[in-house]
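Me: Please take a close look at a single part of the model below, and walk me through it in one connected answer. I like to see the cut-offs behind each term.

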Protein chains: 10
Amino acid sequence: MGVWQRVNPNAEPYSGLPSICAQLFEAKARKGLTFGDIGKALNRDEVWVAAVFYGQAKMEPQDIVNLAQTLDIQQDAISAELGPHWWPRRGLGPMPPEDPVLYRLFEGVLVYGTAIKAVIHEKFGDGIQSMIDCKVTVDKKEDPKGDRVLLTFDGKFLKYAQW
Amino acid sequence: MGVWQRVNPNAEPYSGLPSICAQLFEAKARKGLTFGDIGKALNRDEVWVAAVFYGQAKMEPQDIVNLAQTLDIQQDAISAELGPHWWPRRGLGPMPPEDPVLYRLFEGVLVYGTAIKAVIHEKFGDGIQSMIDCKVTVDKKEDPKGDRVLLTFDGKFLKYAQW
Amino acid sequence: MGVWQRVNPNAEPYSGLPSICAQLFEAKARKGLTFGDIGKALNRDEVWVAAVFYGQAKMEPQDIVNLAQTLDIQQDAISAELGPHWWPRRGLGPMPPEDPVLYRLFEGVLVYGTAIKAVIHEKFGDGIQSMIDCKVTVDKKEDPKGDRVLLTFDGKFLKYAQW
Amino acid sequence: MGVWQRVNPNAEPYSGLPSICAQLFEAKARKGLTFGDIGKALNRDEVWVAAVFYGQAKMEPQDIVNLAQTLDIQQDAISAELGPHWWPRRGLGPMPPEDPVLYRLFEGVLVYGTAIKAVIHEKFGDGIQSMIDCKVTVDKKEDPKGDRVLLTFDGKFLKYAQW
Amino acid sequence: MGVWQRVNPNAEPYSGLPSICAQLFEAKARKGLTFGDIGKALNRDEVWVAAVFYGQAKMEPQDIVNLAQTLDIQQDAISAELGPHWWPRRGLGPMPPEDPVLYRLFEGVLVYGTAIKAVIHEKFGDGIQSMIDCKVTVDKKEDPKGDRVLLTFDGKFLKYAQW
Amino acid sequence: MGVWQRVNPNAEPYSGLPSICAQLFEAKARKGLTFGDIGKALNRDEVWVAAVFYGQAKMEPQDIVNLAQTLDIQQDAISAELGPHWWPRRGLGPMPPEDPVLYRLFEGVLVYGTAIKAVIHEKFGDGIQSMIDCKVTVDKKEDPKGDRVLLTFDGKFLKYAQW
Amino acid sequence: MGVWQRVNPNAEPYSGLPSICAQLFEAKARKGLTFGDIGKALNRDEVWVAAVFYGQAKMEPQDIVNLAQTLDIQQDAISAELGPHWWPRRGLGPMPPEDPVLYRLFEGVLVYGTAIKAVIHEKFGDGIQSMIDCKVTVDKKEDPKGDRVLLTFDGKFLKYAQW
Amino acid sequence: MGVWQRVNPNAEPYSGLPSICAQLFEAKARKGLTFGDIGKALNRDEVWVAAVFYGQAKMEPQDIVNLAQTLDIQQDAISAELGPHWWPRRGLGPMPPEDPVLYRLFEGVLVYGTAIKAVIHEKFGDGIQSMIDCKVTVDKKEDPKGDRVLLTFDGKFLKYAQW
Amino acid sequence: MGVWQRVNPNAEPYSGLPSICAQLFEAKARKGLTFGDIGKALNRDEVWVAAVFYGQAKMEPQDIVNLAQTLDIQQDAISAELGPHWWPRRGLGPMPPEDPVLYRLFEGVLVYGTAIKAVIHEKFGDGIQSMIDCKVTVDKKEDPKGDRVLLTFDGKFLKYAQW
Amino acid sequence: MGVWQRVNPNAEPYSGLPSICAQLFEAKARKGLTFGDIGKALNRDEVWVAAVFYGQAKMEPQDIVNLAQTLDIQQDAISAELGPHWWPRRGLGPMPPEDPVLYRLFEGVLVYGTAIKAVIHEKFGDGIQSMIDCKVTVDKKEDPKGDRVLLTFDGKFLKYAQW
């Protein structure tokens, strides 16, 4: 069973999102569910589900049906703000990020980005790893010296056009 | 066999690095080696080797021996600039990055960062994924609809101190 | 038929616009209309109509009449905020943009801008492509390898004064 | 016939490019060629050729052969700096851009970007116009009221992954 | 006769101004007056009057009397917020400006500023053109090839102290 | 007669300009000429001439002939760097500007820009004052209370397209 | 006697301050007092008193007693927000400042800062002028050529530690 | 007697100044002179003299004669770079400043700027303290609790024009 | 006994925090407690407790029980906003910081950061001082020449991975 | 015994420092000395010595004598650039810092700064911890779970003036 939870709808990041998002977070807490639990109910990955909660991904109509049922929220309330007519304004929070969890990802770009670029070019040619056709996952890798976070970006390689 | 290559030592990123780095790139091109090839010779991952070339990682003495041999460069020339007394000034290039390959990684932080943070907290608690005790790899995943880049960050979870 | 839709009038971009704009979006969704549909009713291009909704273009009085009729909104309510006395404050959202759709346009300037400038100069002389006397269109170009977006800027060439 | 031309290799943008680029510009001027002329010789579009000169696109080996011949430059000199081992560092010049030609493109993003995004979503769904698989052209449209620049971005639509 | 007009007091620039300013704009629209009309009634230039409306200039008591009468607003309501005890917080809107009208003025500084500085020095010596003891006017200059805006800054020359 | 003058070609703004520009400044000083003098010799306004010296305007071939003669510089040396193949990279120096002369112009945009925009709209409609088809002049207005700088921007009004 | 005055508590700088501050300004205007008058009543300098009003300095309990009496405000209302438990969050408004009065101070740092630093070092050694143990005053110096503002910073010299 | 001194002409701030400036600093050190000593020789204040050394103030011809004599430098060498044809590019170093001495001045603007503005307005009206017709001095005020720096800005009050 | 205190929940930093935080501060003041007092009641360090109040650290359930009891606040009210489902968004306030207390810490990084980095590398090798597994304390060190603040960061050394 | 070492004098941070600094680093490496070793020879703390090497602290004449002797460098060469006439330009490298070691210190300010400020105020009153009269040390604290870095700032408390 979950706990009663309240978020400040006037504070970031909730103030910048469709207002239903604050309610999604509160319902999730009230139900005591993790993103992993909700992901299973929607047959989606937990990172993608979290992206939906933060207004960074767009649900299909069936996802809305499933989410409404899972969280005991009126389906119409979700549809009215996150339905077919809504399109994500992607990008969230200040850059450079200040929260240490986010900053570490940013630091990965600062420190290893050029090396990653060099290896992508050598293995694939002149192009990029798509962040649009890309699946992001977070896994736990147990380790006696301390558990490890396994963060994976699985994105299509896109070759530069020449014309 | 490789081709003769010249880099502009006064242009970024070479102008900001120890001056031996431009020679490492030229030797690598002359030898026709990839970072993967050099990685095998050093018994290191190719991304880590590329990070060394861009001044973002520090070699052990044995790495310098191996690199000198692999590239046919004087070991002393490498040691004088990248040896035990040298410490990387990590962080390379403008932020936000302008090169599309790097920008896509940055966009991953912008779009999915908060979702990743949420899932890390749910799976591990209040802490971060280390970018220091972290191994970064780039793999090619063949796919008939277009090959995919598999980019992985395998970093230790660090719990916040409470005191 | 359309769906009931609600936008957060306190969140970007609605909070920065005349307050009628949020109602235009909600009416459009309720009616189930696309910008293309509204464009036909106003005898205007759909991109221009979308620019009106986002406070980036100014309607003629007849446009307001047509828009009010198309959306079943009181004409006076629109006129009071977007009528003859109103002038657009153009420019919308953070720069560099964070949303990937917008960022890609920005990346076009970063990567191809100097090349475009060079070709404009060679074909037209010392001057610029006007973004004021400019028509912007978005077309769908079907392609078995994946449909393509055809984005066109048709702007008058303006020669630099010499005096 | 062309004129003798000298560029300042220590000034932007040449100082940030492979040093051969300054020579490409000087040879082009000496030969009196436009990017259109060189494009015909390489069987490439003139904008793409200009992008190569500014270090923003990567030539195939055959392009280098053709370019060397067209400009009467040693093929090896071009290959050494822009050959198979070289990968573009894309992104050029300060942002926001200061040059008015570039700024107008940037202004297009500021003013019409959100409208373009809305129409792309309505016509194609949740995704983006690729700037990687994208062809950019500049055409002259004669007009008695003043010639017009027709700038076109023809880019593949990429749908967001859901996972 | 004018039209009924409403401004969003929570949107820029009104949200950053004394709250009476929004009412001044609404009254001006209701009365169907231009800044030129109001300027005549106050015996002031129209640009200065517009600056007052945007909180960028300070009225004398007599100006407040005249403005209240011209707009049919209570004189006390204006005095309470813009009276003798109020001092302008000058500077309005983001820099660099995003609105194209404002940006063009900014571009004038970017492109011609150094040249203007050089000519001021040659004609006047080491000093500046005051923007405090400065009168700004906007005139319409009819021209068969297209009317022209004549923007004039008439500012006192201030010589640098030497001590 | 003028004085011998030397500029630091490695310091701003000379380091960012075609290298001939430093020589133009030195020749102008050696000849003891003002921009006004050179303007008369070229039959151009002095501000435009200064803009040429700072790489912000493009000369016609005849201007180059006249300038070479006026300054006793080889015409070919000027043509090689500022001739038909050269196009200005407009925009000069940091923004916000730090030099007080330039900053005052910038302050004019900050303080009076919105008022100027409002008056332009009221007098001309929805459009802008062109900074491309624009003539900039600096005049001295003698005044017993202190001479005044009369800075004028005479630019074509450009109406926004509707499509 | 003073005038009735209203400040916009949602506009800068009031929105960023303890909410009592807006009332202090209104009471001061209602009473028709200057900062100099209040300074005399508190036996403090007027600049310090103004700093208190803008949330930049901390009053002693006796100052609160005196201020409440001088402005006819409940002492508890002031104490509740600016009392012993409150600590100033110093720093106010955007930087670089846009208001010309503030900008001129900033310009003093830009233009004369390095010279001031050099003279401080020569007269005092390696250290700084404290802005903590510092008294700031503004005096009027009458002058037939125009009155002068005498702004003085009287701050303790602090020598750098060596350890 | 002074010591031999060398400055790095490629490092800030010397690299951004006329190249003679580095020599002025070296000569001053070789002679063992302070800015106060040079100020006496030129009959100028020491802060103004330091401003000249940092390229922030313009000398009269007689100042150049005196400076050349005082430092035993060829007068022509100074005139060639800092003579009548040279105009200062004022503004020096990054903002916000990083050096603690400069930062403290900047902090004075951040913390006390709005209070100073308020008192200037109350004592003088709507206008500013000129930083152009302004004399800056640094004095030592001995104090048993620690000597104090007395920094004074003595600038003309400029009233805002109304037109 | 403490005093009644009110904070402005719409002003920074409270507006960016969970709304319960403003109440924590008010209760602390009402009770007349210091962070040191609360730290003793929670068996935690005072800096860590202050970090909790500013939303920068996460309490264990027992901490919430203790805090509710210490401040006489409903435990559920705290849990609802700062309970197990809440994760800190770390990072608070503008950077560079404007408040002098915070700026001095920032200045420590600016001035001594590189030296600290060098000594950490020499004493520990290639790695960092963790700011996650880190305990921060503030102690008072009495000194006849003026008391001293002893600020200590006690953080685990983390060695860079090589892979 | 040490190794031969070369630093790139044109790369940061050496390019921004007096040119002797690069030689100090090379001599230190050649001698195989740590900052701790040099600190002992100078009777100074190692962090302070490192600050000297990075141009962030000023040596007394005796320090120069000792340093010259310790590193076998000509004392005059050091004096010429870092002697009595030289004053540090403090502040080094970009902010926010990109190197992870430096960033972690910066993160300490972001995350714990406000808490530290609160505790300093409670323990000392309204004032700051001086970063001028401040001693910084780095110690190694051995710990079976991983050694810890003990970073200490020991700075004088400075009370705010009231006047």
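Reply: Happy to, starting with chain E and chain F. In this predicted model, a turn of 180° with a shift of 0.0 Å along the axis lays chain E on chain F, at an RMSD of 0.0 Å (a least-squares superposition on the C-alpha atoms of residues with pLDDT of at least 70 in both). The two copies are therefore related as by a two-fold rotation axis. Within chain E, E:Thr152 has the C-alpha nearest that axis, at 2.2 Å from it. Of the interface residues of chain E, 100% are interface residues in chain F too, so the copies meet through the same surface.

Before going on, a word on conventions: residues count from 1 along each chain as its sequence is written, and chains are lettered from A in the order in which they are written. Local features need pLDDT of at least 70, side-chain atom pairs need 80 or more, totals for chains, interfaces and linings use all residues, and side-chain values use heavy atoms, without hydrogens and water.

Now for the side of chain E that touches chain H. Here 31 residues of chain E are in contact with 31 residues of chain H (contact being heavy atoms within 4.5 Å). About 2,900 Å² is buried between chain E and chain H, with 60% of that area given by carbon and sulfur atoms; this is the accessible area, for a 1.4 Å probe, lost on putting the two together and summed over both.

Two salt bridges cross the interface of chain E and chain H (a Lys or Arg side-chain nitrogen within 4 Å of an Asp or Glu carboxyl oxygen). E:Arg90 forms a salt bridge with H:Asp126, and their closest N and O atoms are 2.8 Å apart. Also across the interface of chain E and chain H are 14 residue pairs in polar contact, both residues at pLDDT 80 or more; the rule asks for N or O atoms within 3.5 Å, a possible donor facing a possible acceptor within protein, and only side-chain atoms for residues adjacent in sequence.

Which elements supply this side of chain E? At least two residues each come from α3 (46-53), α6 (100-124), β1 (127-141) and β2 (148-159) of chain E, where helices (H or I, at least four residues) and strands (E, at least two) are DSSP runs numbered from the N terminus. β1(E) gives the largest share, eight residues. By class, the side of chain E that touches chain H has 14 nonpolar, four polar and 13 charged residues; Asp, Glu, Lys and Arg count as charged, Ala, Val, Leu, Ile, Met, Phe, Trp, Tyr, Cys and Pro as nonpolar, and the others, with Gly, as polar.
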